[in-house]
Amino acid sequence: MAAPQESVVHGSKANPKDLPSTDKLLRHCAPLLAEHGHTLVAAEARHLLDALRLRVLAGQASAAQLALEPLAQQLAQRVQQRLSPRMRAVINLTGTVIHTNLGRALLADAALQPLLQLMASPNNLEYDLGSGGRGDRDDVVEGLLCELTGAEAATVVNNNAAAVLLGIAALARGREVIVSRGELVEIGGAFRMPDVMASAGAVMVEVGTTNRTHARDYEQAINERTALLMKVHTSNYQVQGFTAAVQEAELAAIAHARGLPLMSDLGSGALVDLSQWGLPAEPLPQQMLAAGCDVVSFSGDKLLGGPQAGLIVGRLDVIQKIRKFPMKRALRMSKLPMAVLEATLRLYLRPEKLTETLPTLRLLTRPLAVIEAQARSLQPLVHAAVAPRYAVVTAAMQGQIGSGSLPVARLPSAGLVIAPQGGRNLGSALDKLSRALRELPEPVIGRIADDKLWLDLRCLEDSAHLSRQLPALQEALA
Ligand SMILES: *Cc1c(COP(=O)(O)O)cnc(C)c1O
(Lines give C-alpha, C1' and ligand atoms only; values in the text may rest on other atoms or scores of the structure.)
Protein backbone atom coordinates (compact mmCIF):
# COMPACT_ATOMS: atom_id res chain seq x y z
CA MET A 1 0.00 0.00 0.00
CA ALA A 2 1.38 3.42 -0.94
CA ALA A 3 1.94 5.89 1.91
CA PRO A 4 -0.78 8.56 2.00
CA GLN A 5 0.51 11.87 0.75
CA GLU A 6 -0.30 13.82 3.88
CA SER A 7 1.01 17.18 2.75
CA VAL A 8 -1.20 17.48 -0.31
CA VAL A 9 -4.65 18.82 0.57
CA HIS A 10 -7.20 18.87 -2.21
CA GLY A 11 -10.01 21.38 -1.97
CA SER A 12 -10.49 23.73 0.97
CA LYS A 13 -8.72 23.02 4.23
CA ALA A 14 -10.71 21.49 7.05
CA ASN A 15 -11.77 23.66 9.98
CA PRO A 16 -11.26 21.99 13.40
CA LYS A 17 -14.73 23.22 14.43
CA ASP A 18 -16.28 20.99 11.73
CA LEU A 19 -14.87 17.76 13.13
CA PRO A 20 -17.81 15.49 13.98
CA SER A 21 -18.10 14.29 17.57
CA THR A 22 -17.82 10.57 18.35
CA ASP A 23 -21.55 10.48 19.10
CA LYS A 24 -22.46 12.11 15.83
CA LEU A 25 -20.33 9.63 13.86
CA LEU A 26 -21.81 6.71 15.80
CA ARG A 27 -25.38 7.87 15.11
CA HIS A 28 -24.45 7.61 11.45
CA CYS A 29 -23.25 4.01 11.90
CA ALA A 30 -26.29 2.20 13.32
CA PRO A 31 -25.86 -1.04 11.34
CA LEU A 32 -22.19 -1.29 12.37
CA LEU A 33 -23.17 -0.76 16.02
CA ALA A 34 -25.91 -3.34 15.73
CA GLU A 35 -23.50 -5.88 14.31
CA HIS A 36 -20.55 -5.39 16.65
CA GLY A 37 -21.90 -3.66 19.75
CA HIS A 38 -20.91 -0.33 21.31
CA THR A 39 -17.55 -1.09 22.95
CA LEU A 40 -15.43 -1.90 19.92
CA VAL A 41 -17.12 0.48 17.47
CA ALA A 42 -16.97 3.47 19.84
CA ALA A 43 -13.31 2.82 20.69
CA GLU A 44 -12.38 2.67 17.02
CA ALA A 45 -14.46 5.79 16.30
CA ARG A 46 -12.49 7.70 18.94
CA HIS A 47 -9.17 6.48 17.52
CA LEU A 48 -10.24 7.46 14.02
CA LEU A 49 -11.34 10.94 15.07
CA ASP A 50 -8.25 11.49 17.25
CA ALA A 51 -6.00 10.78 14.28
CA LEU A 52 -8.12 12.98 12.04
CA ARG A 53 -8.02 15.86 14.56
CA LEU A 54 -4.21 15.80 14.52
CA ARG A 55 -4.21 16.03 10.73
CA VAL A 56 -6.78 18.84 10.74
CA LEU A 57 -4.76 20.83 13.27
CA ALA A 58 -1.64 20.31 11.17
CA GLY A 59 -3.51 21.67 8.15
CA GLN A 60 -3.24 18.33 6.41
CA ALA A 61 -6.93 17.51 5.94
CA SER A 62 -9.51 18.80 3.50
CA ALA A 63 -13.03 19.80 4.46
CA ALA A 64 -14.35 16.89 2.39
CA GLN A 65 -12.51 14.46 4.67
CA LEU A 66 -14.74 15.48 7.58
CA ALA A 67 -17.91 14.26 5.86
CA LEU A 68 -19.74 11.54 7.74
CA GLU A 69 -20.07 9.04 4.92
CA PRO A 70 -16.34 8.54 4.17
CA LEU A 71 -15.63 8.50 7.92
CA ALA A 72 -18.25 5.81 8.43
CA GLN A 73 -16.58 3.73 5.75
CA GLN A 74 -13.17 4.16 7.36
CA LEU A 75 -14.65 3.18 10.70
CA ALA A 76 -16.14 0.00 9.24
CA GLN A 77 -12.75 -0.83 7.77
CA ARG A 78 -10.97 -0.27 11.09
CA VAL A 79 -13.45 -2.51 12.91
CA GLN A 80 -12.97 -5.22 10.30
CA GLN A 81 -9.20 -4.95 10.69
CA ARG A 82 -9.40 -5.27 14.47
CA LEU A 83 -11.48 -8.41 14.09
CA SER A 84 -9.26 -10.12 11.55
CA PRO A 85 -6.81 -12.58 13.10
CA ARG A 86 -3.13 -11.75 13.37
CA MET A 87 -2.26 -15.35 12.53
CA ARG A 88 -2.82 -15.87 8.81
CA ALA A 89 -2.12 -18.34 6.06
CA VAL A 90 1.03 -17.46 4.12
CA ILE A 91 2.64 -18.98 1.06
CA ASN A 92 5.95 -20.59 1.88
CA LEU A 93 8.31 -20.14 -1.07
CA THR A 94 11.45 -20.22 1.08
CA GLY A 95 12.41 -23.70 -0.11
CA THR A 96 12.38 -24.99 3.48
CA VAL A 97 9.55 -27.48 3.75
CA ILE A 98 9.31 -27.79 7.56
CA HIS A 99 9.83 -24.14 8.45
CA THR A 100 9.69 -23.41 12.18
CA ASN A 101 8.89 -19.70 11.68
CA LEU A 102 6.05 -20.65 9.33
CA GLY A 103 4.42 -23.19 11.62
CA ARG A 104 6.34 -26.38 10.69
CA ALA A 105 4.34 -29.34 9.36
CA LEU A 106 1.14 -28.65 7.43
CA LEU A 107 -1.63 -30.73 8.91
CA ALA A 108 -3.37 -33.44 6.95
CA ASP A 109 -6.86 -32.93 5.68
CA ALA A 110 -7.96 -36.15 7.34
CA ALA A 111 -6.74 -34.74 10.66
CA LEU A 112 -8.44 -31.38 10.23
CA GLN A 113 -11.87 -32.25 8.85
CA PRO A 114 -13.24 -33.94 12.01
CA LEU A 115 -11.91 -31.21 14.32
CA LEU A 116 -14.73 -28.71 14.09
CA GLN A 117 -17.36 -31.13 15.30
CA LEU A 118 -15.06 -32.94 17.74
CA MET A 119 -13.85 -29.77 19.45
CA ALA A 120 -17.30 -28.20 19.68
CA SER A 121 -18.74 -31.22 21.51
CA PRO A 122 -17.80 -33.14 24.62
CA ASN A 123 -15.55 -36.08 23.80
CA ASN A 124 -13.99 -39.12 25.41
CA LEU A 125 -10.53 -37.58 25.93
CA GLU A 126 -10.27 -39.05 29.42
CA TYR A 127 -13.36 -41.23 29.51
CA ASP A 128 -13.37 -44.95 28.90
CA LEU A 129 -16.45 -45.69 26.82
CA GLY A 130 -16.01 -49.43 27.51
CA SER A 131 -16.14 -49.32 31.29
CA GLY A 132 -17.84 -45.96 31.76
CA GLY A 133 -15.01 -44.94 34.05
CA ARG A 134 -12.18 -42.46 33.96
CA GLY A 135 -9.63 -43.01 31.22
CA ASP A 136 -6.14 -41.68 30.55
CA ARG A 137 -5.62 -39.22 27.69
CA ASP A 138 -2.50 -41.12 26.69
CA ASP A 139 -4.83 -43.97 25.68
CA VAL A 140 -5.90 -41.93 22.64
CA VAL A 141 -2.55 -42.48 20.94
CA GLU A 142 -0.59 -44.99 23.01
CA GLY A 143 -1.75 -48.07 21.12
CA LEU A 144 -0.97 -46.49 17.76
CA LEU A 145 2.46 -45.31 18.88
CA CYS A 146 3.31 -48.76 20.24
CA GLU A 147 2.16 -50.42 17.05
CA LEU A 148 4.12 -48.01 14.83
CA THR A 149 7.36 -48.04 16.85
CA GLY A 150 7.34 -51.45 18.53
CA ALA A 151 7.42 -49.79 21.96
CA GLU A 152 5.89 -51.34 25.07
CA ALA A 153 4.40 -48.03 26.17
CA ALA A 154 4.09 -44.42 25.10
CA THR A 155 3.12 -41.02 26.45
CA VAL A 156 2.85 -37.55 24.93
CA VAL A 157 3.50 -33.96 26.01
CA ASN A 158 3.37 -30.54 24.33
CA ASN A 159 6.60 -30.71 22.35
CA ASN A 160 9.87 -32.59 22.21
CA ALA A 161 11.63 -29.97 24.34
CA ALA A 162 9.13 -30.80 27.09
CA ALA A 163 9.58 -34.52 26.45
CA VAL A 164 13.36 -34.27 26.96
CA LEU A 165 13.00 -32.08 30.04
CA LEU A 166 10.41 -34.42 31.55
CA GLY A 167 12.33 -37.57 30.69
CA ILE A 168 15.54 -36.32 32.30
CA ALA A 169 13.74 -34.94 35.35
CA ALA A 170 11.72 -38.11 35.92
CA LEU A 171 14.67 -40.46 35.47
CA ALA A 172 17.63 -38.50 36.80
CA ARG A 173 16.67 -35.53 38.99
CA GLY A 174 19.37 -34.92 41.60
CA ARG A 175 21.66 -37.43 39.94
CA GLU A 176 24.09 -37.64 37.03
CA VAL A 177 23.38 -37.95 33.31
CA ILE A 178 26.21 -38.91 30.99
CA VAL A 179 26.26 -37.38 27.52
CA SER A 180 28.89 -37.03 24.80
CA ARG A 181 30.52 -33.62 24.23
CA GLY A 182 29.75 -34.14 20.56
CA GLU A 183 26.01 -34.12 21.26
CA LEU A 184 25.50 -30.98 23.39
CA VAL A 185 23.15 -29.47 20.83
CA GLU A 186 21.48 -26.10 20.74
CA ILE A 187 18.16 -26.06 18.92
CA GLY A 188 16.57 -22.71 18.04
CA GLY A 189 14.61 -20.96 20.75
CA ALA A 190 17.10 -21.39 23.60
CA PHE A 191 16.87 -25.17 23.83
CA ARG A 192 20.45 -26.10 24.82
CA MET A 193 21.19 -29.50 26.23
CA PRO A 194 23.29 -28.28 29.21
CA ASP A 195 20.52 -25.83 30.20
CA VAL A 196 17.83 -28.46 29.80
CA MET A 197 19.78 -30.80 32.09
CA ALA A 198 20.11 -28.04 34.68
CA SER A 199 16.42 -27.14 34.43
CA ALA A 200 15.55 -30.80 34.95
CA GLY A 201 17.65 -30.78 38.12
CA ALA A 202 20.15 -33.29 36.77
CA VAL A 203 23.93 -33.07 36.89
CA MET A 204 25.31 -33.26 33.38
CA VAL A 205 28.50 -35.26 33.00
CA GLU A 206 30.15 -34.61 29.63
CA VAL A 207 32.37 -37.29 28.20
CA GLY A 208 34.62 -37.57 25.15
CA THR A 209 35.48 -34.64 22.91
CA THR A 210 33.67 -32.57 20.31
CA ASN A 211 34.63 -34.91 17.49
CA ARG A 212 35.33 -38.26 19.16
CA THR A 213 33.66 -40.13 22.00
CA HIS A 214 34.38 -43.77 22.81
CA ALA A 215 32.69 -46.54 24.79
CA ARG A 216 35.39 -46.31 27.49
CA ASP A 217 34.54 -42.61 28.01
CA TYR A 218 31.03 -43.58 29.10
CA GLU A 219 32.25 -46.58 31.11
CA GLN A 220 34.76 -44.53 33.07
CA ALA A 221 32.20 -41.84 33.90
CA ILE A 222 29.61 -44.23 35.35
CA ASN A 223 29.53 -44.22 39.17
CA GLU A 224 26.99 -44.69 41.96
CA ARG A 225 25.47 -41.25 41.28
CA THR A 226 24.77 -42.01 37.63
CA ALA A 227 21.07 -42.30 36.78
CA LEU A 228 20.93 -42.14 32.99
CA LEU A 229 22.93 -42.36 29.78
CA MET A 230 21.77 -39.98 27.08
CA LYS A 231 22.13 -39.93 23.30
CA VAL A 232 21.15 -36.76 21.45
CA HIS A 233 20.63 -36.78 17.71
CA THR A 234 22.74 -33.95 16.27
CA SER A 235 19.84 -32.89 14.11
CA ASN A 236 20.96 -29.45 12.97
CA TYR A 237 24.69 -29.85 12.39
CA GLN A 238 27.20 -32.43 11.31
CA VAL A 239 30.76 -32.98 12.43
CA GLN A 240 32.89 -34.36 9.62
CA GLY A 241 36.40 -35.76 9.36
CA PHE A 242 38.12 -37.54 12.26
CA THR A 243 35.03 -38.51 14.21
CA ALA A 244 33.77 -41.32 16.42
CA ALA A 245 30.56 -41.83 18.34
CA VAL A 246 29.20 -44.78 20.26
CA GLN A 247 26.11 -46.19 18.56
CA GLU A 248 22.92 -46.92 20.51
CA ALA A 249 23.31 -50.71 20.53
CA GLU A 250 26.77 -50.57 22.10
CA LEU A 251 25.77 -47.85 24.53
CA ALA A 252 22.64 -49.74 25.58
CA ALA A 253 24.79 -52.75 26.45
CA ILE A 254 27.04 -50.55 28.60
CA ALA A 255 24.06 -48.96 30.35
CA HIS A 256 22.19 -52.20 30.93
CA ALA A 257 25.28 -53.97 32.33
CA ARG A 258 25.17 -51.37 35.14
CA GLY A 259 21.39 -51.42 35.49
CA LEU A 260 21.03 -47.94 33.95
CA PRO A 261 18.52 -46.76 31.32
CA LEU A 262 19.53 -45.21 27.99
CA MET A 263 17.47 -42.31 26.65
CA SER A 264 17.59 -41.01 23.09
CA ASP A 265 16.47 -37.52 22.03
CA LEU A 266 15.86 -38.12 18.37
CA GLY A 267 14.75 -34.60 17.47
CA SER A 268 12.69 -35.04 14.36
CA GLY A 269 12.40 -38.77 14.08
CA ALA A 270 10.52 -40.15 11.10
CA LEU A 271 8.14 -43.06 11.46
CA VAL A 272 8.86 -44.37 7.97
CA ASP A 273 12.12 -44.85 6.09
CA LEU A 274 12.49 -41.78 3.89
CA SER A 275 15.09 -43.37 1.67
CA GLN A 276 12.32 -45.34 -0.10
CA TRP A 277 11.45 -42.03 -1.81
CA GLY A 278 15.04 -41.08 -2.52
CA LEU A 279 15.17 -38.75 0.48
CA PRO A 280 18.04 -38.88 2.97
CA ALA A 281 17.43 -41.43 5.71
CA GLU A 282 16.53 -40.06 9.14
CA PRO A 283 16.88 -42.36 12.19
CA LEU A 284 13.60 -43.99 13.21
CA PRO A 285 12.38 -44.37 16.81
CA GLN A 286 11.68 -48.05 16.08
CA GLN A 287 15.38 -48.51 15.18
CA MET A 288 16.45 -46.81 18.40
CA LEU A 289 14.19 -49.07 20.47
CA ALA A 290 15.38 -52.15 18.62
CA ALA A 291 18.96 -51.09 19.32
CA GLY A 292 18.17 -51.15 23.03
CA CYS A 293 17.25 -47.58 23.96
CA ASP A 294 14.89 -47.66 26.93
CA VAL A 295 13.16 -44.40 26.06
CA VAL A 296 13.10 -42.35 22.86
CA SER A 297 11.59 -38.90 22.37
CA PHE A 298 10.80 -37.04 19.14
CA SER A 299 8.69 -34.19 17.75
CA GLY A 300 5.17 -34.37 16.39
CA ASP A 301 5.48 -31.46 13.96
CA LYS A 302 8.75 -32.17 12.21
CA LEU A 303 9.03 -35.11 9.80
CA LEU A 304 6.14 -36.92 11.44
CA GLY A 305 3.91 -34.27 9.83
CA GLY A 306 1.52 -33.72 12.73
CA PRO A 307 0.76 -31.12 15.41
CA GLN A 308 3.28 -29.73 17.87
CA ALA A 309 3.84 -32.61 20.27
CA GLY A 310 6.53 -34.45 22.15
CA LEU A 311 6.24 -38.22 21.73
CA ILE A 312 7.88 -40.48 24.28
CA VAL A 313 8.08 -44.20 23.58
CA GLY A 314 9.88 -46.97 25.40
CA ARG A 315 9.93 -49.67 28.06
CA LEU A 316 6.80 -49.95 30.17
CA ASP A 317 8.45 -49.35 33.57
CA VAL A 318 10.38 -46.32 32.29
CA ILE A 319 7.32 -44.78 30.63
CA GLN A 320 5.33 -45.39 33.83
CA LYS A 321 7.93 -43.50 35.83
CA ILE A 322 7.78 -40.58 33.38
CA ARG A 323 3.99 -40.59 33.31
CA LYS A 324 3.74 -40.50 37.10
CA PHE A 325 6.26 -37.70 37.50
CA PRO A 326 4.37 -34.55 38.66
CA MET A 327 5.83 -32.36 35.89
CA LYS A 328 3.92 -34.48 33.36
CA ARG A 329 0.66 -32.87 34.48
CA ALA A 330 2.07 -29.42 33.72
CA LEU A 331 3.20 -30.48 30.27
CA ARG A 332 0.17 -32.51 29.26
CA MET A 333 -1.25 -32.12 25.82
CA SER A 334 -4.66 -30.56 25.22
CA LYS A 335 -7.50 -32.19 23.32
CA LEU A 336 -6.98 -30.11 20.18
CA PRO A 337 -3.48 -31.30 19.21
CA MET A 338 -4.30 -34.73 20.67
CA ALA A 339 -7.10 -35.22 18.15
CA VAL A 340 -4.84 -34.08 15.30
CA LEU A 341 -2.04 -36.34 16.49
CA GLU A 342 -4.31 -39.38 16.62
CA ALA A 343 -5.63 -38.77 13.11
CA THR A 344 -2.10 -38.14 11.79
CA LEU A 345 -0.77 -41.35 13.34
CA ARG A 346 -3.69 -43.29 11.83
CA LEU A 347 -2.48 -42.21 8.39
CA TYR A 348 0.64 -44.29 9.06
CA LEU A 349 -1.51 -47.44 9.14
CA ARG A 350 -1.62 -47.05 5.34
CA PRO A 351 2.04 -46.27 4.63
CA GLU A 352 1.62 -46.71 0.86
CA LYS A 353 -0.76 -43.74 0.84
CA LEU A 354 1.39 -41.38 2.92
CA THR A 355 2.79 -39.41 -0.03
CA GLU A 356 -0.81 -38.47 -0.83
CA THR A 357 -2.33 -38.14 2.62
CA LEU A 358 0.46 -36.49 4.60
CA PRO A 359 1.26 -32.96 3.33
CA THR A 360 4.86 -33.01 4.62
CA LEU A 361 5.68 -36.14 2.64
CA ARG A 362 3.63 -34.96 -0.32
CA LEU A 363 5.73 -31.79 -0.52
CA LEU A 364 9.03 -33.57 0.11
CA THR A 365 8.32 -36.04 -2.69
CA ARG A 366 6.93 -33.61 -5.30
CA PRO A 367 8.72 -34.62 -8.51
CA LEU A 368 11.32 -32.12 -9.67
CA ALA A 369 9.90 -32.19 -13.21
CA VAL A 370 6.52 -31.02 -11.90
CA ILE A 371 8.11 -28.12 -10.01
CA GLU A 372 10.17 -27.16 -13.05
CA ALA A 373 7.12 -27.14 -15.31
CA GLN A 374 5.29 -25.01 -12.75
CA ALA A 375 8.17 -22.52 -12.74
CA ARG A 376 8.09 -22.31 -16.54
CA SER A 377 4.36 -21.68 -16.61
CA LEU A 378 4.43 -19.05 -13.84
CA GLN A 379 7.47 -17.16 -15.17
CA PRO A 380 5.69 -15.07 -17.87
CA LEU A 381 2.81 -14.24 -15.51
CA VAL A 382 5.06 -13.08 -12.69
CA HIS A 383 7.27 -11.25 -15.17
CA ALA A 384 4.28 -9.32 -16.53
CA ALA A 385 3.34 -8.28 -12.98
CA VAL A 386 6.75 -6.93 -11.97
CA ALA A 387 8.17 -5.64 -15.29
CA PRO A 388 9.90 -3.42 -16.23
CA ARG A 389 11.46 -2.64 -12.82
CA TYR A 390 12.24 -6.33 -12.23
CA ALA A 391 13.23 -9.27 -14.41
CA VAL A 392 12.09 -12.83 -13.74
CA VAL A 393 13.84 -16.04 -14.75
CA THR A 394 13.31 -19.69 -13.88
CA ALA A 395 16.16 -21.36 -12.02
CA ALA A 396 17.24 -24.58 -10.40
CA MET A 397 17.25 -24.29 -6.60
CA GLN A 398 18.41 -26.20 -3.55
CA GLY A 399 15.74 -26.43 -0.90
CA GLN A 400 15.89 -28.15 2.43
CA ILE A 401 13.73 -30.27 4.67
CA GLY A 402 14.08 -27.90 7.62
CA SER A 403 13.48 -27.83 11.37
CA GLY A 404 16.81 -29.34 12.08
CA SER A 405 15.95 -32.47 10.11
CA LEU A 406 18.80 -33.67 7.92
CA PRO A 407 20.76 -30.41 8.10
CA VAL A 408 23.23 -30.91 5.28
CA ALA A 409 20.90 -32.61 2.82
CA ARG A 410 19.56 -30.43 0.03
CA LEU A 411 16.37 -30.93 -1.93
CA PRO A 412 16.79 -30.27 -5.64
CA SER A 413 14.01 -27.87 -6.55
CA ALA A 414 13.06 -25.13 -9.00
CA GLY A 415 11.54 -21.70 -8.91
CA LEU A 416 11.67 -18.09 -9.97
CA VAL A 417 14.43 -15.57 -9.39
CA ILE A 418 13.36 -11.94 -9.45
CA ALA A 419 16.08 -9.34 -9.92
CA PRO A 420 15.74 -5.53 -9.84
CA GLN A 421 16.78 -3.90 -13.10
CA GLY A 422 18.97 -0.80 -13.37
CA GLY A 423 22.17 -0.34 -11.47
CA ARG A 424 21.09 1.90 -8.59
CA ASN A 425 19.26 1.19 -5.35
CA LEU A 426 19.07 -2.55 -5.86
CA GLY A 427 18.68 -3.05 -2.13
CA SER A 428 15.68 -0.77 -1.76
CA ALA A 429 14.05 -2.18 -4.91
CA LEU A 430 14.48 -5.64 -3.44
CA ASP A 431 13.02 -4.52 -0.11
CA LYS A 432 10.08 -2.97 -1.89
CA LEU A 433 9.43 -6.21 -3.75
CA SER A 434 9.68 -8.49 -0.74
CA ARG A 435 7.46 -6.13 1.24
CA ALA A 436 4.87 -6.04 -1.56
CA LEU A 437 4.88 -9.84 -1.58
CA ARG A 438 4.46 -9.98 2.20
CA GLU A 439 1.54 -7.53 2.04
CA LEU A 440 -0.47 -9.53 -0.49
CA PRO A 441 -3.84 -10.93 0.66
CA GLU A 442 -2.03 -14.27 0.98
CA PRO A 443 1.46 -13.12 1.99
CA VAL A 444 4.23 -14.68 -0.07
CA ILE A 445 7.48 -15.42 1.77
CA GLY A 446 10.60 -15.87 -0.35
CA ARG A 447 14.31 -15.70 0.28
CA ILE A 448 16.77 -12.91 -0.53
CA ALA A 449 20.25 -13.90 -1.70
CA ASP A 450 22.78 -12.40 -4.12
CA ASP A 451 20.70 -9.20 -4.54
CA LYS A 452 17.79 -11.22 -5.86
CA LEU A 453 14.54 -12.60 -4.54
CA TRP A 454 14.27 -16.39 -4.79
CA LEU A 455 10.89 -18.10 -4.89
CA ASP A 456 11.25 -21.86 -4.50
CA LEU A 457 8.05 -23.49 -5.75
CA ARG A 458 8.33 -26.87 -4.00
CA CYS A 459 5.69 -25.90 -1.43
CA LEU A 460 3.31 -24.24 -3.90
CA GLU A 461 1.05 -27.13 -4.78
CA ASP A 462 -1.56 -24.87 -6.36
CA SER A 463 -0.14 -22.22 -8.72
CA ALA A 464 -3.39 -20.26 -8.46
CA HIS A 465 -2.51 -19.20 -4.90
CA LEU A 466 0.24 -17.11 -6.46
CA SER A 467 -1.18 -16.23 -9.87
CA ARG A 468 -4.50 -14.87 -8.62
CA GLN A 469 -2.61 -12.33 -6.52
CA LEU A 470 -0.48 -10.98 -9.35
CA PRO A 471 -2.82 -8.07 -10.13
CA ALA A 472 -2.47 -6.92 -6.50
CA LEU A 473 1.31 -7.28 -6.75
CA GLN A 474 1.40 -5.24 -9.94
CA GLU A 475 -0.67 -2.51 -8.28
CA ALA A 476 1.56 -2.45 -5.20
CA LEU A 477 4.68 -2.02 -7.32
CA ALA A 478 3.20 0.60 -9.64
C1 LIG B 1 13.74 -30.12 17.42
C2 LIG B 1 14.52 -30.79 18.48
C3 LIG B 1 14.12 -30.67 19.82
C4 LIG B 1 12.96 -29.85 20.24
O5 LIG B 1 11.76 -30.37 19.74
P6 LIG B 1 10.44 -29.44 19.73
O7 LIG B 1 9.37 -30.36 19.29
O8 LIG B 1 10.72 -28.33 18.79
O9 LIG B 1 10.23 -28.95 21.11
C10 LIG B 1 14.88 -31.33 20.77
N11 LIG B 1 15.96 -32.05 20.44
C12 LIG B 1 16.36 -32.18 19.15
C13 LIG B 1 17.58 -33.00 18.86
C14 LIG B 1 15.65 -31.55 18.13
O15 LIG B 1 16.04 -31.68 16.86
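This briefing describes the domains, the ligand site and some local features of one protein chain. The model is predicted. The chain is divided into three parts, namely domain 1 (16-83), domain 2 (91-99 + 365-477) and domain 3 (109-355). A ligand is present, and the protein buries 94% of the area that the ligand exposes when taken alone.

**Domains**

- Domain 2 is made of two stretches, 91-99 and 365-477, whereas domain 1 covers 16-83 and domain 3 covers 109-355.
- The centres of domain 1 and domain 3, taken over C-alpha atoms, are separated by 55 Å.

**Surroundings of the ligand**

- The residues around the ligand are Arg 104, Asn 159, Asn 160, Ala 161, Ile 187, Phe 191, His 233, Ser 235, Asp 265, Gly 267, Ser 299 and Lys 302.
- Sorted by class, this shell contains six polar, three nonpolar and three charged residues.

**Polar contacts and burial of the ligand**

- Asp 265 contributes an N or O atom of its side chain, which is 2.7 Å from a nitrogen atom of the ligand.
- Lys 302 places a polar side-chain atom 2.9 Å from an oxygen atom of the ligand.
- Asn 160 takes part through its backbone, where an N or O atom lies 3.0 Å from an oxygen atom of the ligand.
- The ligand taken alone exposes 380 Å², and 94% of that area is buried by the protein.

**Aromatic rings and charges**

- The number of aromatic pairs in the structure is zero.
- Aromatic rings do appear beside charges: the charged end of Arg 212 sits over the ring of Phe 242, at 3.8 Å from the ring centre.
- A second case involves Arg 389, whose charged end sits over the ring of Tyr 390, 6.0 Å from the centre of that ring.

**Backbone features**

- As background, most peptide bonds are trans, and most residues other than glycine have a negative phi.
- The bond that joins Ala 387 and Pro 388 is a cis peptide bond, with omega at about 0 degrees.
- Pro 388 is placed in the loop between α18 (368-386) and β11 (390-399).
- Asp 450 is not a glycine, yet its phi is positive, at about 55 degrees.
- The location of Asp 450 is the loop between β14 (447-449) and β15 (452-456).

Technical notes:
Residues numbered from 1 in each chain as written. Predicted model: local features only at pLDDT ≥ 70, side-chain atom pairs only at ≥ 80, totals over all residues. Heavy atoms only, no water. Near = heavy atom within 4 Å. Polar contact = N/O pair within 3.5 Å; in protein donor to acceptor, adjacent residues only side chain to side chain. Areas by Shrake-Rupley, 256 points an atom, 1.4 Å probe, with all protein chains shown as cover. Nonpolar A, V, L, I, M, F, W, Y, C, P; charged D, E, K, R; others polar. Domains from an automatic or database assignment. Phe/Tyr/Trp six-rings, centres within 6.5 Å; stacked < 30°, edge-to-face > 60°. Lys NZ or Arg CZ within 6 Å of the ring centre and 35° of its normal. Helix = DSSP H or I, 4+ residues; strand = E, 2+ residues; numbered from the N terminus.
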